[in-house]
Amino acid sequence: MREIESSTAKTSRNLKGGVSPRLRELWPLLPALAFGIGLRIFQLGAQVPVGDEWHNLDAIWRIPLPEALAGFDPRFSLPMVLYGKFLLHTIGLSGWGLYLPGVVAGSLLILFFPLLVSRVLGRSAAVILGWLLALSPMLVLYSRFYRPYIFTCLLGLSSLYFGWRWWEEKRLRFGLLYALSALLSMALHIITGPFVLSPILILLICRRQITDLPPPLPFRQLLKISALLLPLIILIVIPIIRAPDVLGKKLSRQSINMSTLRYSTELFSGIPFFLPALLLIVLAGWGLFRLFRRHRGPLSFAAAACLLECLAILLVAPTSVASALVFSRYMIQALPVFLLCLAAGIAPPGNINRGLRGLTLSASGLLLPGLLLFGPLPRAFFHPNSFCSQTLFVEMLQGNRASRIRQCTANFRNDPEALSPFYKALSTLPPSSCRIAETPFFFRLTLNKEPWLQEVHHQDVVIGLSSCFSSSPPAKGGFPCGLAGLDFRSMVFLGGHREKPDVDFIVVHLDLVNEFAAKEVRRSGLLRKLRQQLPPVPRMLEELEESCGKPCYRDSRIVVFPASVRGRQLAGSLSFSPSSI
């Protein structure tokens, strides 16, 4: 009993230590931080928003501020929409402005989480943890994706840390910091509620001294923090209660199955192959056992939060939760805890001899480059790539044959008609020799083959916004014509007798829905909806011919206009098939 108590007390002292002294001790962590930041900012300003990012982007301009504050829509995150509105009406809504907070949150996770647990883990394991956080494909993806998951991941860890410190030291300031972290996380995404509220639930339940856990908190402190949390939680929950129909659409009767768990292990481990991912799960299990023997109290605290979150997801069953990608991102707050256990499983024990310790560290040194080289990052981060996020989604799901995102990409690559001779001709030019505007554009991951086309032709790609060709408001995946404050490098407005955009070619897809209808669009209702969203193509062609001149290329799917002097020069030098002009 005394050994356990002394171990728990030692763990508590280690968690209390300052960050500055540890930073001097952990200088090997700085390369991991630098490399992680590099992955998170790679071509960041040129990225085209895709997929679920458009839920927030659409709400920025479409939903008035009072309606956004008073209502509830689970598709967008209110704090992120408010931030986007602030950018739009002040310095401008740009790619860098939109994604930079996520990069900062992801970088803070790489730096501070290993520092906080360094004396519990040991120096070697803390450095390994830093590299695992830096190289985790899921953390890289959501650090550069306009969704709340990287923020809830950081805030979830903060709520656990401050909750434990509050329990240990009985200081009200830690209780206030815990409450702030929990409320911000819930405001960003309500699904995180069970995870971030688990500390207060544990503290309310543990009103008696329990072995390996700190003495109970004074009831007065618990009452104060609970009194602070409850009204603010009610403010978050009231809009949900007022919109049961909206909430009902977000819930489903889907359930998690073995396929969900299998591919979730691949996503958490960062390797899109089951057997290597299983090996990492075993190592994480070994690390969990080692940590539990030495630091039972804090680890039980974190494990309870992960378990409660998982049970809540199983009970609520959000839409598409059977998808490993959806389940994993809802469980992303548990990912750093998993990587913590993995680092503990990889790192050598402190009580082995120097030779064996060196051998173990050498094996760890080989494992980390292996995670990078055989993981999805190298295949997603090529240059130029305006769709790193979508490419990373596809590569992360490489082992999941049931994934619609993966299937659609495979269909593009296997379709001989999908690659126009125009793109083949562009591939003969040096990379980034010209800038192409593609229009129209569907934001869905399964209806966008631009990443694959860019992988073939290696030229810079932007999206041509077609809202100026129509008098009706644009569908999701676009912005109103000439929206003031929009400053994306990856999007340009076309038509409406505006100045010609800074591109060399404008590629107009004659029937974008038909390009996908054969294999990708299975629902007739969705097919009709997509056709209604298309801009008037004949008007587009007429206006573009007036402003740019005759097209330089035409086939059954696309018409290409040279939009600059350089574009005309390149068009004259490129070799097309005789029937293409």
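Start with the disulfides: this predicted model has one. Select Cys468 and Cys481 and show their side chains; the two sulfur atoms sit 2.0 Å apart. Look down the S-S bond and you'll find a torsion of about 95 degrees, so the disulfide is right-handed. Both cysteines belong to the loop between strand E2 (460–465) and strand E3 (491–493), with 13 residues separating them. Now switch on a surface. Which half of the pair is buried, Cys468 or Cys481? Cys468 is, at a relative accessible area of 7%, while Cys481 is partly exposed at 39%.

While you have cysteines in mind, pick a few others. Cys388 is buried, with 0% relative accessibility. Cys552 is buried too, at 10%. Why is there no bond from Cys552 to Cys548? The closest cysteine sulfur to that of Cys552 is the one in Cys548, and it is 9.9 Å away, which is too far for a bond.

Next, colour the strands and go to the open sheet. Six strands make it up, in the order E3-E2-E1-E4-E6-E5, and the pairing is mixed. At the edges you'll see E3 and E5; each has a single partner strand, so one side of each has no neighbour in the sheet. In general, strands of a sheet pair through backbone hydrogen bonds, either parallel or antiparallel.

Select strand E1 (residues 435–439) together with E4. They run parallel and are joined by four bridges. To get your bearings, find Thr439, which stands opposite Val508 in E4. Then bring in helix H25 (residues 450–457), which packs on the sheet and touches E1, E2 and E4. The direction of H25 makes about 145 degrees with that of E2.

From E4 (residues 505–509), step across to E6: this pair is antiparallel, with five bridges. Phe505 is a handy marker, standing opposite Pro562 in E6. On the other pairing of E6, look at strand E5 (residues 553–554), which is antiparallel to E6 and joined to it by two bridges. Click Tyr553 and then Val560 to see one pair of bridge partners. Three residues lie between E5 and E6, and the two strands form a hairpin.

Stay on E6 (residues 558–562) for a moment and show its side chains. How many of its five residues are buried? Five of five. Ile558, Val560 and Pro562 are buried on one side, with Val559 and Phe561 buried on the other, so to speak two covered faces.

Now hide the ribbon and show the nonpolar side chains. The largest nonpolar core has 137 residues, and Leu93, Tyr142 and Phe479 have the most contacts inside it. Centre on Leu93. Leaving out neighbours within four places in sequence, its contacts include Leu57, Ile60, Leu87, Leu98, Phe479, Leu486 and Phe488. Another core, of 29 residues, lies apart from the largest one; look for Phe412, Trp452, Leu453 and Ala571 among its members.

Last stop: helix H10 (residues 149–169). Put a distance between its end C-alpha atoms and you should get 30 Å, which agrees with the 30 Å that its 21 residues should span at 1.5 Å a residue. H10 is mostly covered, with 20 of the 21 residues buried. Finish on Lys170, just after H10, which takes a positive phi of about 60 degrees.

How values were computed
Residues are numbered from 1 along each chain as its sequence is written. This is a predicted model: local features need pLDDT of at least 70, side-chain atom pairs count only at pLDDT 80 or more; totals for chains, interfaces and linings use all residues. Side-chain values use heavy atoms; hydrogens and water are left out. A disulfide is a pair of cysteine sulfur atoms within 2.5 Å. Buried means under 20% relative accessible area, exposed over 50%, partly exposed in between (1.4 Å probe, protein chains only). Two strands pair if DSSP finds at least two bridges between them. A nonpolar core is a set of buried Ala, Val, Leu, Ile, Met, Phe, Trp, Tyr and Cys residues joined through side-chain atoms within 4.5 Å. Contact means heavy atoms within 4.5 Å. The expected span of a helix is 1.5 Å times one less than its number of residues. Axes are lines fitted to C-alpha atoms, for helices over the stretch in contact, and angles run from 0 to 180 degrees between N-to-C directions.
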